[in-house]
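Subject: Structure handover

Hello,

Here is the structure I said I would pass on. Please open it alongside this message and look up the residues as they come up.

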Amino acid sequence: MPTIYDVAREAGVSAATVSRVLNGARTVDPAMVARVLTAVRELGYRPNAVARNLRRSRTTLWAVIISDIGNPFFTATVRGVEDVAQQAGYSVVLCNSDEDPAKEETYVAAALSEQMAGVIIASSGSAKAAKSLLDSPIPVVAIDRQLPRGEVDTVVVDNEAGARTATRHLLDAGYRRIACITGPEGVSTADLRLRGYTTALSAQQPPEPLVARTDFREQGGYDAMASLLSSPERPDAVFVANNLMTVGALRCLADREVRVPGEMGVVGFDEIPWADLVRPSLTTVAQPTYELGRMAARLLVDRIATPAGRPATVVLPAELRPRQSSAR
């Protein structure tokens, strides 16, 4: 295996310079940095991570704790995180809490015990996990969902505005009994999307809101849609507050032979890869998923470099993509 001295000899610099380059020092001449990195690639040199971590008292790993690995929303989001992490010299460990607070708490405890360099978390709502993170010295960035009980660097989409736009779109299309299927109470994305829906309805003075809360899963969306169809105040449209629940709601409508959009208009929050392919095509509120992950990772890099300072909150816009499912 090549050593740091082999890299130094190949690059024509000292071993100390190689060490400074590999540790991210910004005072090294760019030409020397280029020579060192070229030598590292050509020789296949790998730093001794154990020794480096002992010197730093912290690993070069990030824990990325997401709430549901089965949700396509997180695919591009984690890609955005990983691209920035790799450029900054960090590796990503992906943890799936499965919308289970107890499982989330276990992953948080593991990240703290392993002294990971940072944590990016899409919280399932566990106050205990949030407190553990806030009480630790490890930098934390909340993504997609705000962290309960405390302020940390946060990257979210404007959930309330996106839901409000979606509901107004259905009202403008002529629907009047518009229902909302949203997630668990206390989860910021569920609560904010519900608030956007109710705000849009209140401006039009329609009947009372028709709301079904469930678990952000496909089966939850199916069951919530079935409940709404059985309601005496059966809706003529539905705004569904995430992609998996939208799939479940559409499956329920198909099973009950409810025509979309003739009998039921549908708008889902989160873009779905096949939204343009199904018939009728699906109206969605699209989130900038890759940018969410990229921005969260950049905030984490900055927070690791500068631990002090007030937490930043970045709010990205969502985009309504009208298609056939909401065109009455």
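What follows is a short account of what was found, going from the whole chain to single residues. Please keep in mind that this is a predicted model.

**The whole protein**

The protein has 328 residues, and 49% of them are buried. It is built with twelve helices and twelve strands. Measured out along the principal axes, the box that holds its C-alpha atoms is roughly 80 × 40 × 30 Å. The exposed surface comes to about 15,500 Å², and 50% of that is supplied by carbon and sulfur atoms. If you take the contacts between residues at least 6 apart in sequence, 70% of them join residues at least 24 apart.

**The cavity**

The count of cavities of 30 Å³ or more is one. The space in this largest cavity is about 110 Å³. Its lining has 14 residues, and those nearest the centre are Asn71, Asp144, Arg145, Asn242 and Asp270. Two elements, α5 (73–87) and α9 (188–204), each give two or more residues to that lining. What kinds of residue line the largest cavity? Six are charged, five are polar and three are nonpolar.

Asp144, named above as a lining residue, also has an unusual entry in its backbone angles: its phi is positive, about 70 degrees, although Asp144 is not a glycine. You will find Asp144 in the loop between β4 (140–143) and β5 (153–157). Asp144 counts as buried because its relative accessibility is 6%, under the 20% cut-off.

**A loop residue that touches Arg145**

Ser124 sits in the loop between β3 (118–121) and α7 (127–135). Is Ser124 buried or exposed? Its relative accessible area is 9%, so Ser124 is buried. Beyond its neighbours within four places in sequence, Ser124 is in contact with Ser97, Glu99, Asp100, Pro101, Glu104, Arg145 and Val187. One of these, Arg145, is also among the cavity residues listed earlier.

**The second largest pocket**

The second largest pocket has a volume of about 260 Å³. It is lined by 16 residues, with Ile138, Pro139, Val140, Arg303 and Pro307 nearest its centre. The elements that give two or more residues to this lining are α7 and α12 (289–305). By type, the lining of this pocket holds ten nonpolar, two polar and four charged residues.

**Backbone details**

Two cis peptide bonds are worth finding on the model. One runs from Val260 to Pro261, with omega near 5 degrees. Pro261 belongs to the loop between α11 (243–255) and β9 (265–269). Another cis bond joins Arg279 and Pro280, where omega is about 0 degrees. Pro280 is placed in the loop between β9 and β10 (283–286).

The loop between α11 and β9 also holds Glu257. Phi of Glu257 is positive, near 55 degrees, and Glu257 is not a glycine. Glu257 is exposed because its relative accessible area is 69%, where the cut-off is over 50%.

**A close pair of residues**

Gly221 lies in helix α10, which covers residues 218–229. With a relative accessibility of 0%, Gly221 counts as buried. How far apart in space are Gly221 and Ala249? From C-alpha to C-alpha the distance is 4.9 Å, although 28 residues separate them in sequence. Leaving out residues up to four places away in sequence, Gly221 touches Ile181, Thr214, Met245, Gly248 and Ala249.

**Cysteines**

How many disulfides does a search of the whole structure find? The result is zero. Cys252 shows why on its own account: the closest cysteine sulfur, in Cys180, is 16 Å from the sulfur of Cys252, which is too far for a bond. A disulfide would need the two sulfur atoms within 2.5 Å. Cys252 is buried, at a relative accessible area of 0%. Cys95 is buried as well, at 6% relative accessibility.

That is the list. I suggest starting with the cavity and then working through the loops.

Regards

Terms used
Residues numbered from 1 in each chain as written. Predicted model: local features only at pLDDT ≥ 70, side-chain atom pairs only at ≥ 80, totals over all residues. Heavy atoms only, no water. 1 Å grid on protein atoms, 1.4 Å probe; cavity = no way out; pocket = protein on both sides within 12 Å on 5 of 7 lines; lining within 4 Å. Points joined across faces, edges and corners; volume = space filled by probe spheres on them. Helix = DSSP H or I, 4+ residues; strand = E, 2+ residues; numbered from the N terminus. Nonpolar A, V, L, I, M, F, W, Y, C, P; charged D, E, K, R; others polar. Buried < 20%, exposed > 50% of the residue type's maximum accessible area, 1.4 Å probe, protein only. Contact = heavy atoms within 4.5 Å. Areas by Shrake-Rupley, 256 points an atom, 1.4 Å probe, with all protein chains shown as cover.
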